[in-house]
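Work through the following exercises with the sequence and the model in view. Try each task yourself before you read its solution.

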Amino acid sequence: MIRHNEQQLRGFTLIELLITLAIASILLATAVPAFADILSHNHQSAQLNILFHHHQLARSEAIKHKSRVLLCKSNNGQQCTPSAKWSDGWLIFSDQDGNNKRNAYEEVFYVQQALSKSLSLQYKGFGSSNYVRYYSDGHSSTNGTFTLCSRNGTQFVQRVIISRTGRARMATGKTSNKTSACS
């Protein structure tokens, strides 16, 4: 016969269990919002990477085909749509005649569908705010900044900055004035 003393048979008391549950709920209450922010930030970063790579694609296609390539906002995937928002999507095509409009004979390199409703994309630069044109030598028609913001209220903004030489670079960080950065 095996004998156990009282301390070996002792389990959790109700008070110990309640304290453990209280600590667990506090940890969950702080971890879940932080995890949601991480997911939102990762989604925003993925969209910024797509935009960055599309600028690189437009520039490389202009050099490769020795022609003008336009990256313009488009809400239908067929034509440039000046009244659309950049968040509605964009189109990359060979603008052979230089009229800033896609004709049936001009090759489409990529069509980007609308971004998720949780993101806002703005473009500010010199010249037209409806498109960025790349020339056969890789230069762009303008320099400017694409600003990607989350609509969930975070102060985190990400940017793709286009130089006149056609080079695109990314910049990320927090802003103290989200309204001016994302309006």
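**Exercise 1.** Find the residue of β7 that T145 stands opposite, and then describe how the strands around it are paired.

*Solution.* Start with T145, which stands opposite I161 in β7. The model is a predicted one, in which local features need pLDDT of at least 70 and side-chain atom pairs count only at pLDDT 80 or more, while totals for chains, interfaces and linings use all residues. Residues are numbered from 1 along each chain as its sequence is written, and side-chain values use heavy atoms, with hydrogens and water left out.

Next, look at the strands themselves; strands (E, at least two residues) and helices (H or I, at least four) are DSSP runs, numbered from the N terminus. Strand β6 covers residues 144–150 and strand β7 covers residues 156–162, and the two pair in the antiparallel sense over six bridges. Two strands are said to pair if DSSP finds at least two bridges between them.

Then turn to the other partner of β6, which is strand β4 (residues 119–125), joined to β6 by seven bridges in an antiparallel arrangement. The residue F146 shows both pairings, for F146 is the bridge partner of Y123, and V160 is the bridge partner of F146 in β7.

**Exercise 2.** Decide whether β6 and β7 are mostly covered or mostly open.

*Solution.* First fix the terms: buried means under 20% relative accessible area, exposed means over 50%, and partly exposed lies in between (1.4 Å probe, protein chains only). In β6, six of the seven residues are buried, so this strand is mostly covered. In β7, six of the seven residues are likewise buried, so this strand is largely enclosed by the rest of the structure.

Finally, set this beside the whole protein, where buried residues make up 37% of the 183 residues.

**Exercise 3.** Which residues does Q47 touch, leaving aside those up to four places away in sequence?

*Solution.* Begin by placing Q47, which lies in helix α2 and counts as buried at 14% relative accessibility. A contact means heavy atoms within 4.5 Å, and on that basis Q47 touches L115, L119 and L148, not counting residues up to four places away in sequence.

For the protein as a whole, consider contacts with a separation of 6 or more: residues 24 or more positions apart account for 52% of these.

**Exercise 4.** Locate the salt bridge of the structure, and compare how its two residues are covered.

*Solution.* A salt bridge is a side-chain nitrogen of Lys or Arg within 4 Å of a carboxyl oxygen of Asp or Glu, and the structure holds one. The side chains that meet in it belong to K64 and E61, at 3.4 Å from N to O. These two residues are three residues apart in helix α2, and therefore they are separated by about one helical turn. As for cover, K64 counts as exposed at 55% relative accessibility, whereas E61 counts as buried at 9%.

**Exercise 5.** Find the disulfide and give its handedness.

*Solution.* A disulfide is a pair of cysteine sulfur atoms within 2.5 Å, and a search of the whole structure finds one. The disulfide joins C72 to C80, with an S to S distance of 2.0 Å. The angle about the S-S bond is -85°, and the link of C72 and C80 is left-handed. Both ends are under cover, since C72 is buried with a relative accessible area of 1% and C80 counts as buried at 19%.

**Exercise 6.** Where do K66 and N100 lie, and what is the sign of phi in K66 and in N100?

*Solution.* Keep the background in mind: most residues other than glycine have a negative phi. K66, in the loop between α2 and β1 (69–73), has a positive phi near 50°, and K66 counts as exposed at 67% relative accessibility. N100, in the loop between β2 (90–94) and β3 (108–112), has a positive phi of about 60° although it is not a glycine. N100 counts as partly exposed at 21% relative accessibility.

**Exercise 7.** State how many helices and strands the protein has, and give their order.

*Solution.* The protein has three helices and eight strands. Read from the N terminus on, the elements run α-α-β-β-β-β-β-β-β-β-α.
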